[in-house]
Amino acid sequence: MPEPLEPGDALQVGGYRLVGRLGGGGQGVVYLGSAQDGRPVAVKVLHARMAADPRARDRFLAEIEAAKQVAGFATASVLAADVDGAHPYVVSEYIPGDSLQQRVERDGPLAPGELHRLAVNTMTALAAIHRAEIVHRDLKPSNVLLGSDGARVIDFGIAKVLNGTSVTVSEVIGTVAYMSPEQVSARRLTAATDLFSWAGMMIFAATGRSPFGEGDVGAVLYRILHHEPELSALPDSLRGVLAACLNRDPSARPRADDVLLTLLGEGRPTLPISPRPRRRRLLWATLAVALALVLSFAVAVWPRTERAPGSKAPMGTQIRGPYEVHSRDVQKIIWATLNGRPVVVTSRENDRITVSDVRTGARVSASKLAFGTDYAALTVLTLSKRPAAVGVRKRFDQDELAAVDLETGERIGKPYSFPGASFTSLLTADEVVVAGYADGIITWNPVTGEVVRTRLHEDLTPLAVGEVDGDTVIVMGGARKVRLWNLTRRHWAAAAVATPVERPWSAAVSGGRFVLGGMHTDLYVGDLRTGRRVRTGPATKVQTVTDVQMINLPGGPAIVYAGVGLSAVLDLSTGRELTQIPAAAGFTTSMTAGMLDGRPVVVSGGANGLRLRDAQSGGPAGAGVISLYGGAVRLARCDTVNGRTVVVSAGTEDHSVRVTDLDSGAAVGEPFLGHSHGFDDDEVLALATGRIDGRPVVISAGQDGVRRSDAVTGAGLGEALPNTEAATAVTLTERSGRPAIVSVTPRNLVVSDPVTGDTIERTDLAFDDAVESDGTLLTAAGGVLYVNGSTRLDGDHDGETLESMIVGRGLAATGTRDGTIRVWNLATGRRTLSLPKAHHGWVTALALGELRGHPVLLSGGENGEVRLWDLAAGKPLGTPFTGHTAQVTTVAFCTLGQVPIAISAGDTTIRGWSLGEGTD
């Protein structure tokens with residue numbers, strides 16, 4: 001609904017009477033107007049400050065010309081315009097209705113039928129835009145209007161005419177959440193960029209969530225470049241076409257007209273985008289059909305694609321991975337001093353807070369808590385004379401603040417959670433933590449537990465802390481504005497000040513000034529008393545600043561900023577660039593600065609590592625590079641979830657359970673952290689998968705017992721099962737014709753109801769190790785094997801120490817530390833095969849399977865090798881599969897499409913291997 005006009009708004013523009021405000025942005029204000037014949041119109045008026053800028057006028061004119069070239073059914077038609085007057089404006093058709101953003105935020109995700117109609121509508125419009133040889137470059141939910149006659153794409157403010165091949169940009173353009181990888185990297189743009197953004201917009205429409213998550217700009221941009229969005233919530237009719245549009249290679253994405261044909265059931269999105277959209281009669285015939293169907297279109301079925309056999313990859317060829325599923329990207333880095341030595345404190349998504357020595361790169365300590373959020377929220381302070389860090393943990397459906405000792409990693413005090421609040425940033429002020437949330441700030445003392453909540457009623461985020469006349473002042477940033485909050489006296493220190501920073505991400509304070517960095521502008525330097533600008537600029541060589549710091553150099557104070565692909569040091573007084581610093585691992589998500597042996601040092605973080613550089617020379621400093629070890633994959637299991645082959649894995653350090661799409665390496669849902677309670681022995685000891693009441697689930701066993709979680713979302717399902725503490729084996733099976741979870745603890749076999757969690761049966765056992773599969777329990781005691789607790793298998797292990805064991809398919813197999821594999825037939829109880837020196841060193845993992853009708857065994861060794869064995873012939877099949885850099889912790893047989901493959905986990909990776917002919 002239109003809002004009333006504000007004081008100072010004009011009442012008439014170019015003969016059109018203005019009756020209300022429809023919205024506004026960085027370029028101008030959009031009014032609801034009335035034409036002389038009474039027709040409602042939309043009138044966009046350029047801001048006065050923009051009207052005074054010739055470049056802004058040129059962009060405004062380009063927007064008008066672009067909109068004029070697009071077919072009227074695709075967008076709001078331009079009715080009139082004047083770009084030469086004192087107040088440039090454009091009048092366009094008024095389309096009553098919500099934007100897609102408003103509709104989803106108010107009513108939630110669209111139903112499948114609505115979603116498909118939206119896809120046809122918007123792709124029809126996008127095909128028309130590309131037919132006019134226009135690249136929109138800012139396709140997002142707020143730029144799609146849902147009118148009574150279908151969806152329209154609006155706002156061509158940053159659109160470009162193709163004029164032959166493509167658009168080359170030297171800046172990052174677009175809205176962060178819906179940018180394409182080539183926009184993030186400031187590379188050449190073609191119409192393909194709109195296809196990527198369109199797919200992200202459709203994910204938002206289907207889920208109500210941004211395609212690449214929330215959080216600070218650095219984290220979001222990194223995910224766009226390196227992560228895959230979650231598509232499991234999409235209907236089958238759309239999942240395949242969106243996956244094609246989300247290809248990171250723009251030349252491999254389909255054209256808009258091909259996507260439209262697919263949505264209409266007439267094709268598949270297989271053809272890449274050519275630099276110049278082709279003029280096809282078939283396209284316009286299709287557009288006409290689409291226009292007739294947009295309000296009543298039935299959901300077309302997108303055929304599910306399976307990988308067909310035929311590439312005949314040789315046995316042992318690595319065909320999937322390596323996927324670093326338990327190693328996470330750097331989110332936040334803070335320079336600190338621990339026992340007199342300089343260190344950096346680092347947080348990563350769903351991982352521990354780690355402390356590393358700046359000089360040597362060695363790990364000093366790690367928190368015993370995993371901090372499970374997807375955005376950078378970390379601060380360092382002193383609590384009762386103990387150096388500490390505070391981070392945000394995702395606990396069920398709410399955020400939790402928790403403090404840990406930097407020396408020991410132990411938790412300090414009790415955590416704090418505010419129901420319904422998501423903490424967007426953390427700062428430190430006088431031994432209290434300042435946490436920002438949607439409607440204000442919270443100050444929390446981790447030692448005493450004292451909490452003060454202050455509602456500010458403004459959309460502002462606390463970005464930095466400084467001091468003015470002994471009072472603590474917080475720099476609060478919002479959309480194109482900054483305001484200062486006096487924390488000591490708990491009132492605003494100054495009125496809000498307008499800034500050119502469209503969306504500020506970070507700030508730093510030094511010497512009574514602050515510097516603000518964010519999206520689509522240069523840096524803003526302000527006075528810490530008033531918030532007003534101190535000087536113009538300084539200019540940066542990136543369009544989006546992901547982090548900013550201030551540091552003292554011999555020549556005076558300087559600014560260090562990080563952006564996409566570049567970090568640099570600027571003189572605070574002159575704005576002159578002093579040196580450039582290479583981005584960590586190609587992309588900097590966070591950075592910090594400090595002094596090392598009298599030299600200023602900048603530490604930047606990116607993909608799983610830190611890079612240290614001298615702030616004056618740009619050369620290496622201290623340890624040079626610090627590698628952040630993410631923890632090995634302890635266990636992995638293969639299953640099918642919603643038609644996709646997935647690997648369920650457990651990590652050794654983060655104690656998480658994660659589900660990964662084997663074909664793409666993308667995460668499925670959120671990690672399950674139910675076994676992480678802040679102790680070193682919280683590790684996951686066993687995994688199983690299956691279905692409970694038709695829902696795909698993961699069953700995981702740990703020291704705290706057996707837990708259930710949703711395989712699609714990662715959400716926990718109830719509490720730990722009673723009587724299952726320290727279970728070393730678990731399976732989801734049937735007992736007496738009813739579903740059951742069977743757990744093997746050090747002294748008991750426990751049968752539990754998978755729905756209620758109640759214990760159905762408990763049997764006393766005595767053994768050293770145990771595994772269970774399909775109702776068959778294999779236990780070991782003193783090197784002797786027993787089946788189902790009673791039947792003894794023939795032979796023992798000749799005094800060798802058991803390292804791995806497996807049961808299934810009527811067989812049992814063991815691996816020992818001298819590299820020997822032994823196999824038993826369960827029907828006869830006799831040992832049928834012995835393979836001495838099957839591996840150099842310990843046999844650490846085993847799996848039983850069948851290949852082309854023959855029984856086979858997969859084994860993993862201490863030396864990182866994986867081997868496949870023909871059990872009938874007692875011989876290896878092919879050569880060892882190599883690639884892991886540490887011992888193989890788990891192996892399994894898997895089916896990808898209709899093709900059998902092998903998977904293995906070790907070091908920090910999961911890998912998929914060809915099993916010979918017919919493997920794609």
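## Exercises: cores and a four-stranded sheet

The largest nonpolar core has 53 residues, and M123, W198, L242 and L263 have the most contacts inside it. The model is predicted.

**Exercise 1.** Find which elements give two or more residues to this core, and which gives the most.

*Solution.* Start with the helices. The contributors are α3 (100-107), α4 (112-131), α6 (192-207), α7 (217-226), α8 (236-245) and α9 (256-263). Then add the strand β9 (150-153). Now rank them: α6 gives the most, with 10 residues.

**Exercise 2.** List what W198 is in contact with, leaving aside neighbours within four places in sequence.

*Solution.* Contact requires heavy atoms within 4.5 Å. W198 then meets A119, T122, M123 and L126. Its other partners are L139, L242, C245, V259 and L263. Next, look for a second core. A separate one has 19 residues, including L381, V390, A403 and V433.

**Exercise 3.** Work out the order of the strands in the four-stranded open sheet, and why some strands have a side without a neighbour.

*Solution.* Take the order: β55-β56-β57-β58, with antiparallel pairing. Go to the edges. β55 (802-808) and β58 (830-835) each have a single partner strand, so one side of each lacks a neighbour in the sheet. Check the twist: neighbouring strands are turned by 15° against each other on average, direction ignored.

**Exercise 4.** State how many bridges join β56 to β57, and identify the partner of A813 in β57.

*Solution.* Strand β56 covers residues 811-816, and β57 covers residues 821-825. Five bridges join these antiparallel strands. Among the bridge pairs, A813 is matched with V823 of β57.

How values were computed: Residues are numbered from 1 along each chain as its sequence is written. This is a predicted model: local features need pLDDT of at least 70, side-chain atom pairs count only at pLDDT 80 or more; totals for chains, interfaces and linings use all residues. Side-chain values use heavy atoms; hydrogens and water are left out. A nonpolar core is a set of buried Ala, Val, Leu, Ile, Met, Phe, Trp, Tyr and Cys residues joined through side-chain atoms within 4.5 Å. Buried means under 20% relative accessible area, exposed over 50%, partly exposed in between (1.4 Å probe, protein chains only). Two strands pair if DSSP finds at least two bridges between them. Axes are lines fitted to C-alpha atoms, for helices over the stretch in contact, and angles run from 0 to 180 degrees between N-to-C directions.
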